[in-house]
Amino acid sequence: MDLFEEIKSGGHEQVLFCSDAPSGLSAIIAIHSTRRGPALGGCRMWPYPSLDAAVNDVLKLSRAMTYKAAMAGLPLGGGKSVIIGDSRKDKTEPLMTAFAKHVGSLGGRYIVAEDVGVNTADMDLIHKVTPHVAGFKEASDDRGGPSSATALGVFHGMRACLEEAFGQASFKGLRVAIQGVGKVGYPLARLLHQEGARLVISDMNPELVAIGCRDFNADLLHPHEIYRVDCDIFAPCALGGILNERAISALSCKIVAGSANNQLENKQAALILQERGILYAPDYVINAGGLIHVAGGIQKDSKEFTDQKIKKIYDRLKEIFTRAKAEGRLTSDVADRLAEEQLGKC
Ligand code: NAD
């Protein structure tokens, strides 16, 4: 990979490779854009198979954050960070402290939050080292964490999807397949269960699956079976890049709507979904609830005000679906165009 070409073609401002030998830290922070404000984005800890895979992920994720913030009308830019390692084995206090120092060295150009493999307790630890962190416990007060807000946004977005695909917004009796019942998938399952949806869940972590089955009377599926299950909504709430040609050809659903970032492997995937008559809710639109929540915390907005903003994800998706139908375009293309219009304004 020609790294500089990759960085330039994606329009990224800065990429920082972070290391700390004593704690074993290997991390990358990517700042895609600070045009609208500081680059806010989660930190993901994942055992990437190669450095290329980690770089590729952080570049894509940080770019999506710029689009997400612009689409949600927030005064924020886009950034993201990845720590290479297995969060269950390799995450230690010295390692997170060393990472926090690197975040602090950027002087507020990048604000870190939680993502896969990283949680509120880690944000608390980072907050001891640098103020450039969002979603730590003290800041969350009675708001709950960003992940519950993300789940709430996905839930509102799903209502827009139901109206578009089925002409009604009730979850009662509908079957929803959730891939990944972690920090977002679990609260999403709770909301859907409360509304009378029937759930099918899968996760790589058997403990989380057991909890989900127990709490929501959900059916359990092996991770590779989730794609072919007969359902109304398929909700990817694990990792990105899962919607490739093979996975899409297996899908037996009417809607794809979930929290995972960068769900589409490539542009072609969006086209195949459309050809198969599956409605796709662009990921960075439907999963913006956590970012809106975190921005609300920074701006000291009330929880009620923030929740109202999260609810607007429903309106944004309705607009995207209406335009996509009227213009005969992909929902993901319409979303990109709207976000770029916002970015062009600053
Ligand atoms: P998490 O780590 O808490 O949960 C992800 C879950 O997915 C884990 O339990 C993991 O075991 C499971 N998983 C991984 N690969 C899987 C597979 N192939 N099949 C089934 N399960 C699998 O992460 P999270 O915070 O819940 O985030 C989930 C997704 O939503 C990520 O893509 C994240 O980037 C995105 N997202 C999260 C937030 C947030 O507020 N946490 C906001 C926006 C987007």
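**View 1. The ligand between two domains.** In this predicted model, the ligand lies between domain 1 (3-63 + 76-140) and domain 2 (146-344), because both domains give residues to the shell around it. If you are looking for the site on the protein, the ligand sits in the largest pocket.

**View 2. The shell around the ligand.** Here we meet the 25 residues that surround the ligand. The closest are Arg44, Thr150, Asp203, Ala238 and Asn261. Sorted by class, the shell has eleven polar, nine nonpolar and five charged residues. Helix H7, spanning residues 146-166, gives the most to this shell, with three residues.

**View 3. Polar contacts of the ligand.** Let us now zoom in on individual atoms. In the side chain of asparagine 261, an N or O atom is 2.8 Å from an oxygen atom of the ligand. Serine 259 also takes part through its side chain, where an N or O atom is 2.9 Å from a ligand oxygen atom. With methionine 204 the backbone is involved: one of its N or O atoms lies 3.4 Å from a nitrogen atom of the ligand. On its own, the ligand has 820 Å² of accessible area, and the protein covers 88% of that.

Key. Residues numbered from 1 in each chain as written. Predicted model: local features only at pLDDT ≥ 70, side-chain atom pairs only at ≥ 80, totals over all residues. Heavy atoms only, no water. Near = heavy atom within 4 Å. Polar contact = N/O pair within 3.5 Å; in protein donor to acceptor, adjacent residues only side chain to side chain. Areas by Shrake-Rupley, 256 points an atom, 1.4 Å probe, with all protein chains shown as cover. 1 Å grid on protein atoms, 1.4 Å probe; cavity = no way out; pocket = protein on both sides within 12 Å on 5 of 7 lines; lining within 4 Å. Sits in = over half its atoms within 2 Å of the grid points. Helix = DSSP H or I, 4+ residues; strand = E, 2+ residues; numbered from the N terminus. Nonpolar A, V, L, I, M, F, W, Y, C, P; charged D, E, K, R; others polar. Domains from an automatic or database assignment.
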